[in-house]
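Me: Hi, could you teach me how to read a protein model? I'd like to start with the basics.

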Amino acid sequence: MLANVDALLLARWQFGFTVAFHIVFPAFSIGLASYLAVLEGLWLATDRQVFIDLFRYWIKIFAIGFAMGVVSGLVMSYQFGTNWSVYADKTGPVLGPLMAYEVLTAFFLEAGFLGVMLFGMRKVGPRLHFLATLMVAIGTFFSAFWILSVNSWMQTPQGHTVNAAGQFVPADWWAIIFNPSFPFRLVHMVLAAYLTTALVVGAVGAWHLLRDRTNEGARTMFSMAMWMIAVVAPIQILAGDAHGLNTLEHQPTKVMAMEGHFQSHPDGAPLILFGLPDQEAATVRYAIEVPKLSSLILKHGLDEPLKGLDTVPRENWPPVPVVFWSFRVMVGLGLLMLLLGCLSLLARYRGGLYQWAGLHRFALAMGPAGFVAVLAGWITTEVGRQPFTVYGILRTAESASPLHAPAVASSLIAFVLIYFAVFGMGILYILHLMAKSPTRGEHGIEPGAPIRTAGITPAPSVDLGRSPQPAE
């Protein structure tokens with residue numbers, strides 16, 4: 001069946017599938033690394049046992065999630081060469097060094113300190129171990145910094161010229177790195193990572209509170225998660241609004257698709273809450289809308305004009321239904337996060353944060369919401385950039401490798417099977433760890449002897465008085 005589909009579409013499906021698996025793990029790792037640093041710092045500052053117990057509880061989950069993020073990211077690098085060789089050739093002089101900077105900063109920090117963080121508590125002492133945890137957390141931020149710089153340049157390219165071979169070559173590195181959309185996207189993504197982690201931690205805490213409201217570890221993690229959601233959710237909404245205004249300035253076609261504005265509105269555009277976009281007919285069917293509210297949000301005036309897709313050639317339209325609905329999924333989940341944060345403040349004010357079962361069930365249901373919102377946001381961003389890989393200057397159809405559809409289809413099927421098997425087992429094991437209640441005196445990754453290379457017998461365990469036995 002896939003052999004009859006266009007090779008370009010298959011390559012896009014393959015990259016979208018692998019990115020969807022990959023992005024959820026770094027988003028979780030960025031937030032969880034910072035959470036672990038906070039837990040260890042609080043333990044050193046207060047000497048409260050609950051903080052180091054929670055650190056040991058979550059570091060096991062972090063180790064698995066981090067490993068799956070690294071493995072899933074390697075696959076995408078190979079796809080640049082196999083499925084998107086033209087894109088790699090044309091953008092390599094600009095994007096290659098930025099990805100190398102990620103290796104030199106983020107990967108070196110993580111590789112240098114991750115082992116100490118996971119296995120070194122008893123070997124280097126608490127304060128040096130805390131430094132290692134901080135370095136890993138900073139490394140995850142550096143990774144987000146460089147990857148978002150790369151992706152933001154694809155959205156709002158600047159600081160480059162084109163050489164005789166048709167390649168984009170750097171002319172101003174500062175302009176390339178700090179391109180117009182980068183600051184907004186960096187803030188929006190890092191906050192999304194913190195919210196994603198807070199929702200997971202809150203859901204795990206809620207699960208255990210529903211079973212035992214006296215569990216100190218569950219109470220502490222739930223309280224910390226609810227504070228994070230209550231503080232970060234409104235900030236994220238403001239950051240998202242600023243990001244939207246920046247997108248309107250530099251990628252207006254994407255905003256038109258997000259809003260479902262097929263026609264221009266010279267006297268104020270409505271906010272379409274729901275509807276069924278019909279790209280062929282250039283209309284939103286069964287639209288439920290609020291008059292002029294879109295102009296108020298985007299231009300801060302009820303009668304401000306907004307252009308529609310009728311001002312853009314059809315060959316430059318993105319897939320409007322996908323962008324329209326992914327944007328609404330992201331915004332809807334963001335509003336639910338804000339509601340959860342407000343309800344937690346109400347419960348805290350009334351002294352019922354650990355007794356309100358309805359709040360705990362709501363928090364438990366919201367556990368996966370951060371991952372879904374991150375995926376919806378990236379779908380909005382990436383599909384909204386179409387039909388370009390580098391916005392306005394390099395089309396997706398001109399970026400793919402000259403491959404036949406059966407070749408791409410076979411690798412896509414292999415990816416689907418392997419990913420669901422490998423990462424499915426990893427996710428199930430993470431859920432298994434989360435289902436266990438945090439306990440006092442929680443064991444970390446190294447409860448017993450240090451890990452040794454296979455085949456090497458530790459010297460103290462050798463019985464020198466025992467005569468060797470003949471092999472059977």
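Reply: Let's go through overall build, one helix pair and one residue.

This is a predicted model, where local features need pLDDT of at least 70, side-chain atom pairs count only at pLDDT 80 or more, and totals for chains, interfaces and linings use all residues. Residues are numbered from 1 along each chain as its sequence is written, and side-chain values use heavy atoms, leaving out hydrogens and water.

Me: What does the secondary structure of the protein come to?

Reply: Helices (H or I, at least four residues) and strands (E, at least two) are DSSP runs, numbered from the N terminus. Here you get 14 helices and 6 strands.

Me: At what angle do helix H3 and helix H5 pack?

Reply: Axes are lines fitted to C-alpha atoms, for helices over the stretch in contact, and angles run from 0 to 180 degrees between N-to-C directions. H3 (residues 85–119) and H5 (residues 126–155) pack at about 170 degrees, their axes 7 Å apart. That makes H3 roughly antiparallel to H5 (angles over 145 degrees count as such).

Me: Now a residue: is Ser29 buried or exposed?

Reply: Buried means under 20% relative accessible area, exposed over 50%, and partly exposed in between, with a 1.4 Å probe and protein chains only. Ser29 has 7%, so Ser29 is buried. You'll find Ser29 in helix H1 (residues 7–46).

Me: Which residues is Ser29 in contact with, leaving aside neighbours within four places in sequence?

Reply: Contact means heavy atoms within 4.5 Å. With those neighbours left aside, Ser29 touches Phe62, Gly65, Phe66 and Thr140.

Me: And how much of the protein counts as buried?

Reply: Of its 472 residues, 49% do.

Technical notes. Parallel < 35°, antiparallel > 145°, perpendicular 65-115°, else oblique.
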